[in-house]
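This report goes through a predicted model, from its strands and helices to its rings and backbone details. Please keep the sequence and the structure in view while reading.

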Amino acid sequence: TKLSDKPLSNTAENRKRAIAYVNRLDADGGTELFNGIQEVLKFPPAPEGRLRSIVLITDGLIGDDERVIAEVQKQLKPGNRLYTFGVGFSANRFLIDRVAELGRGTSQVVIPGEPSQPVVERFFQHINNPVLTNVEVSWQGSGEAPELYPKQIPDLFANQPITVFGRKRDRSDGTLKITGTMANGQRYEKLVPVDFANTNNPTAQLSGGIAQLWGRARIKELSNQMFAKETNEGVKAITDTALDYRLMSKYTAFVAVSQNQRVEPNSSRKVEVPVEVPPNMAAPS
């Protein structure tokens, strides 16, 4: 159900209608997230110079993750942002986090017994204090451009840093150009010099750890491209990256091999292994 087919003006009367609508809601049955997300994605683009914040709240152990995420990738309109709240132990954290990332918003999970007020206050503090929106990072300099991840950089909010990982094979120097739109609508631009020869640079001492973080960021980006449809090229790219950087992925795993024989040859034994479920959730029959 929905209060309105289109966004309403922020008036005292509409706020009263919205609060009354929320107070009448009664959750029952399974979680039909895909239908709800389709309705949200019908919202038109936000007006020029403004952002529309869309908040998803769910307590469901929701499946069909990739279908929902692919719909967000395909249908979210410019200027609209998705924020997600998970409530309870059984909330699907992978889905909650990835929808927020692709929606250029943030995610929060509230577990039973945890005060919800501080979480809500942090959320409003974020969306009410945008520092930069439509952030872009580009390369100015010689040689090939660096591979930067994530490709789609989220908005920057107060007290919430953004981390971008990059790799440049030829190690030729240059400048990173960072642009965006400030809260007052003015254009922001900053130039950051990159000097690979400067061994006193702290990042030079951390290249090993940063390399693996870059690999993880690349795997995430490649995975994002295959939510709608898996491709052989994508699977190979993820597998190669995981092997090169010794990372676990959907297509790779760490395997421990023991030389000790623990079972009798040519014999089998049936063992029932309990499947743990989140607290307050009934086990499958």
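## The antiparallel sheet

L132 has M182, a residue of strand β8, as its bridge partner. The two residues belong to a pairing in which strand β4 (residues 130-141) and strand β8 (residues 174-182) run antiparallel, joined over eight bridges. A further bridge partner in β8 is I178, which stands across from V137. These strands are part of an open sheet of four, whose order is β6-β4-β8-β9 and whose pairing is antiparallel. At its edges lie β6 (156-157) and β9 (187-194), each of which pairs on one side only.

Between β8 and β9 there are again eight bridges, in the antiparallel sense, and one of the pairs brings G174 opposite V194 in β9. The hairpin of β8 and β9 has four residues between the strands, and within this hairpin G185 takes a positive phi near 90°.

## The parallel sheet

A second open sheet consists of three strands in the order β1-β2-β3, and here the pairing is parallel. Its edge strands are β1 (52-58) and β3 (107-110), both pairing on one side only, and from one strand to the next the twist averages 20°.

Strand β1 is joined by seven bridges to strand β2 (residues 80-87), and the two run parallel. In this sheet, I57 stands opposite F85 of β2, and the ring of F85 is also a member of an aromatic cluster that is taken up below.

## Helix packing

Which way do the axes of helices α2 and α3 lie relative to each other, roughly parallel or roughly antiparallel? The axes of helix α2 (residues 33-40) and helix α3 (residues 65-75) come within 10 Å and cross at roughly 5°. Because angles under 35 degrees count as roughly parallel, α2 is roughly parallel to α3. The contact between them involves L33, F34, I37 and Q38 on the side of α2, which meet R67, V68, E71 and V72 in α3. Two of these residues, R67 and F34, also form a charge-ring arrangement, in which the charged end of R67 sits over the ring of F34 at 3.7 Å from its centre.

Helix α3 also packs against helix α4 (residues 93-102), at an angle of about 10° and with the axes 10 Å apart. That angle makes α3 roughly parallel to α4 as well. On this side, D65, V68, I69, V72 and Q73 of α3 meet F94, L95, R98, V99 and L102 of α4. Residues V68 and V72 therefore appear in both interfaces of α3, since they are listed in the contact with α2 and in the contact with α4, where contact means heavy atoms within 4.5 Å.

## Aromatic residues

The structure holds seven aromatic pairs. Ring pairs link Y83, F85, F123, F124 and F157 into a cluster. Of these residues, F85 lies in β2 of the parallel sheet, whereas F157 falls within the range of the edge strand β6 (156-157) of the antiparallel sheet.

## Backbone details

In the loop between β5 (147-149) and β6 lies P150, and the peptide bond that leads from Y149 to P150 is cis, with omega near 5°.

Two arginines show a positive phi of about 55° although neither is a glycine, namely R171 and R246. R171 is found in the loop between β7 (165-167) and β8, whereas R246 lies in the segment after α7 (232-245).

## Confidence

How does the confidence of the prediction stand for the protein, and in which helix is it lowest? The mean pLDDT is 86, and 93% of the residues reach 70 or more. Confidence is lowest in helix α5 (residues 116-127), at a mean of 83, and highest in helix α1 (residues 12-24), at 96. Where pLDDT is low, the predicted coordinates should not be read in detail. Two members of the aromatic cluster, F123 and F124, fall within the range of α5 (residues 116-127).

Notes. Residues numbered from 1 in each chain as written. Predicted model: local features only at pLDDT ≥ 70, side-chain atom pairs only at ≥ 80, totals over all residues. Heavy atoms only, no water. pLDDT = per-residue confidence, 0-100. Phe/Tyr/Trp six-rings, centres within 6.5 Å; stacked < 30°, edge-to-face > 60°. Lys NZ or Arg CZ within 6 Å of the ring centre and 35° of its normal. Pairing = 2+ DSSP bridges. Axes fitted to C-alpha atoms, helices over the stretch in contact; angles between N-to-C directions. Parallel < 35°, antiparallel > 145°, perpendicular 65-115°, else oblique.
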